[in-house]
Amino acid sequence: MDIELSKIYAVWLREVKRYTNSKSRMVSSLGMPLLFLVALGGGFSALVPGFNYQAFILPGILAMTVLFTSVFAGVSIIWDREFGFLKEMLAAPASRQTIVIGRTLGGATTAIIQGLIILVLGFAFTGTPVPPLANLVGILLLMIVMSSSLVAFGIALASVVQEVETFQLVQTLLVMPLIFLSNALFPMDKMPVWLQDVSRVNPISYSVDGLRTLMIGAGSFGLGTDFAVAFAGLVVMILAASYLFSKTSI
Amino acid sequence: MYAMEVSRLAKRFNGFTAVKGISFSVGKGELFGLLGPNGAGKSTTIYMLATLLEPSDGTANVNGFDIRAHPDQVRGSIGIVFQDPTVDTRLSAYDNLDIHGRLYGMDGKTRKQRIDEVLALVELTEWKDKMVKTFSGGMRRRLEIARGLMHTPKILFLDEPTLGLDPQTRRHIWSYISKLKSQGITIILTTHYLEEADYLCDRIAIIDHGEIKVLDTPKNLKGIIGGNIISIESREPQKLADVVTRMGCCRKPRISEMTVSFEAKDGAKLVPKVMEAALKAKIDIESIEVHMPSLEDVFIHYTGTSIREEKAAPSGIMMGRRAHGY
């Protein structure tokens, strides 16, 4: 067990080292969320007087950052396959389970770091009051659960599709819609009915809702439901990733 | 005592049989070569022995562990250097080795010590903390070899270790391989370079279309032909080949562009007779050469084709893409 843990650590370490070794990627992946927060947030705040839209979308932007970074961390297995490193992992005396867990934790770590940077910048930019410690702990917990399940989702996806070209498709057909078809950028009660329905079945909405409740106290599903959906998602995604990745070969 | 015993190992991919039930044994400390053209089934064999592919049939015992029953023990006791690059270009040489050591369950002290040893062996000590994306193709290959040795495996698999490298770097890699052999590690090497197999291997299995055609020491293999190879250059190779066949003094004339080659017991004495026969048939001869059989001739003898006629591996393109890092 000790040895298996140290192998999980090895896989985790590789993810984190790659992340810290590429400062440019770190900065560039913060660009889009910040643009949304400052430009979109600023613009809409001016449109609707009396509604602090920037504060409203801050949890949504946080979720967006975590979503992007996590899914890409998981899907990057496609690149490891293309550039060969996957063989090194698969040839090692480490179980597939170990690789999945190590990668999930590694990807989640990088996503949480990115998320925390956005969170700090967001509080500073939007002037949103920093919530009490208990809420901050809740926010961190939700980020951990959310990012882990999304990395696992990426791993599952990469185990099935395997082509590098698919990578672009993931961005346009999957990741962006998950954000736009959720409550991340618009208040649920102001949405057209069809979008409300879509948002309600989009699991991302529940994480956003949880984050929003904890940050500005304006959620609509209730924290219990939010966390329940997040944890259920985690279990499903970890199982899916483990199963699908165990089927992949070199 | 064998380091490895392979029995009737076979692999089929949707109806295509890549490896057709091969059997062989490798002694401890031996440098064993699998020589064959691209697509002969060499890599597939290595992947099965390294437990990366499940055999369709047959099995093998590697370091005392059955590849089907105990894949984890097999993995822990072997090192493998793949044909295509598999180092992480976004990590330093040190981190690549360190993470490898951790994956193989090595403790911190042993890892540090081994990293220094294997980097010294492949002369990359000064590059320890440099990002691998700044490395040349030859340096990356050396790092791969270092990594394959990191956990002190009993058997090292080298899949086309010098593919795509320039001749100088190739010599360099050969000297590392020879050094390893002198340290007593068992090495299984696949190659489609005849001179590489000839220079390095204790024994060679010539593999083609998933079958082992012949297995022996390079010296014995060349002895099998027993005699000389005569190569005659002419503008009418087909006509000349027919003439030689009618003479009945030798086996299997083979035409490659303008050259007709055949094996003969006593080549030098046969030359005048061939000249005479050619003259009679009014065939112009450009040149005649009599030489001792090379591994190339042995290969032709057993497979019917020259290994050089195979298309070059497409991995050159891959190398180019990889050179940019990612």
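In this predicted model, N63(B) counts as buried, with a relative accessibility of 17%, a value that falls under the 20% cut-off. N63(B) sits in the loop that runs between β4 (57-62) and β5 (65-66) of chain B. Its backbone has a twist worth a look: phi of N63(B) is near 55°, which is positive even though the residue is not a glycine. K282(B) shows a positive phi as well, near 60°, and is likewise a residue other than glycine. K282(B) is found in the loop between α10 (267-280) and β14 (285-291) of chain B. Here the surroundings are open, for K282(B) is exposed, with a relative accessible area of 70%.

Stepping back to chain B as a whole, there are twelve helices and 14 strands to keep track of. The C-alpha trace of chain B spans about 80 × 40 × 40 Å along its principal axes. Of the 326 residues in chain B, 54% are buried. Take the contacts in chain B between residues at least 6 apart in sequence, and 69% of them turn out to join residues at least 24 apart.

What about the nonpolar interior? In soluble globular proteins, nonpolar side chains tend to be buried together. In this model the largest nonpolar core has 101 residues, and those with the most contacts inside it are L67(A), M4(B), L49(B) and F157(B). Helix α3 (residues 53-75) of chain A is the top contributor to this core, giving 14 residues. Leaving aside residues up to four places away in sequence, F157(B) touches M4(B), I46(B), L49(B), I78(B), G79(B), I80(B), V81(B) and I188(B). A separate core of 46 residues lies apart from the largest one, with M106(B), L180(B), I225(B) and F299(B) among its members.

Chain A offers an exposed spot to compare with these interiors. A46(A) belongs to helix α2 (residues 23-47) of chain A and counts as exposed, at 64% relative accessibility. The C-alpha atoms of A46(A) and T69(A) are 30 Å apart, with the two positions 23 residues apart along the chain.

Now for the place where the chains meet. On the chain A side, 27 residues are in contact with 29 residues of chain B. Together the two chains bury about 2800 Å², and 59% of that lies on carbon and sulfur atoms. R18(A), F83(A) and E88(A) supply 24% of the area that chain A buries against chain B, more than any other three residues. Across this interface there are ten residue pairs in polar contact. The elements of chain A that give two or more residues to the side touching chain B are α1 (2-21), α4 (77-82) and α5 (85-91). The largest share, eleven residues, comes from α1(A). Sorted by class, that side of chain A has 14 nonpolar, four polar and nine charged residues.

T86(B) gives a close-up of the contact zone. This residue lies in the loop between β6 (78-81) and α3 (93-103) of chain B, and T86(B) is buried, with a relative accessible area of 0%. Its neighbours come from both chains: not counting residues up to four places away in sequence, T86(B) touches F83(A), G84(A), F85(A), K87(A), E88(A), E144(B) and R147(B).

Charge pairing is the last part of the picture. Side chains of opposite charge can pair when their charged atoms come close. The whole structure holds 22 salt bridges over all chains, and five salt bridges cross the interface of chain A and chain B. In one salt bridge, K17(A) and D95(B) meet at 3.1 Å, N to O. This pair joins two chains, because K17(A) lies in helix α1 of chain A and D95(B) in helix α3 of chain B. K17(A) is partly exposed at 26% relative accessibility, whereas D95(B) is buried at 8%. D84(B) forms a salt bridge with K87(A), where the closest N and O atoms are 4.0 Å apart. D84(B) is partly exposed, at 22% relative accessibility, while K87(A) is buried, at 16%.

Within chain B, the side chains of K128(B) and D116(B) meet in a salt bridge of 3.1 Å, N to O. K128(B) lies in the loop between α4 (108-121) and α5 (137-149) and D116(B) in helix α4, so the pair ties together parts of chain B that are twelve residues apart in sequence. Finally, a network of salt bridges links R14(A), E15(A), R18(A), D80(A), R103(A) and D88(B).

Methods: Residues numbered from 1 in each chain as written. Chains lettered and ligands numbered in written order. Heavy atoms only, no water. Contact = heavy atoms within 4.5 Å. Buried area = accessible area lost by both parts, 1.4 Å probe. Polar contact = N/O pair within 3.5 Å; in protein donor to acceptor, adjacent residues only side chain to side chain. Helix = DSSP H or I, 4+ residues; strand = E, 2+ residues; numbered from the N terminus. Nonpolar A, V, L, I, M, F, W, Y, C, P; charged D, E, K, R; others polar. Core = buried A, V, L, I, M, F, W, Y, C linked by side-chain atoms within 4.5 Å. Buried < 20%, exposed > 50% of the residue type's maximum accessible area, 1.4 Å probe, protein only.
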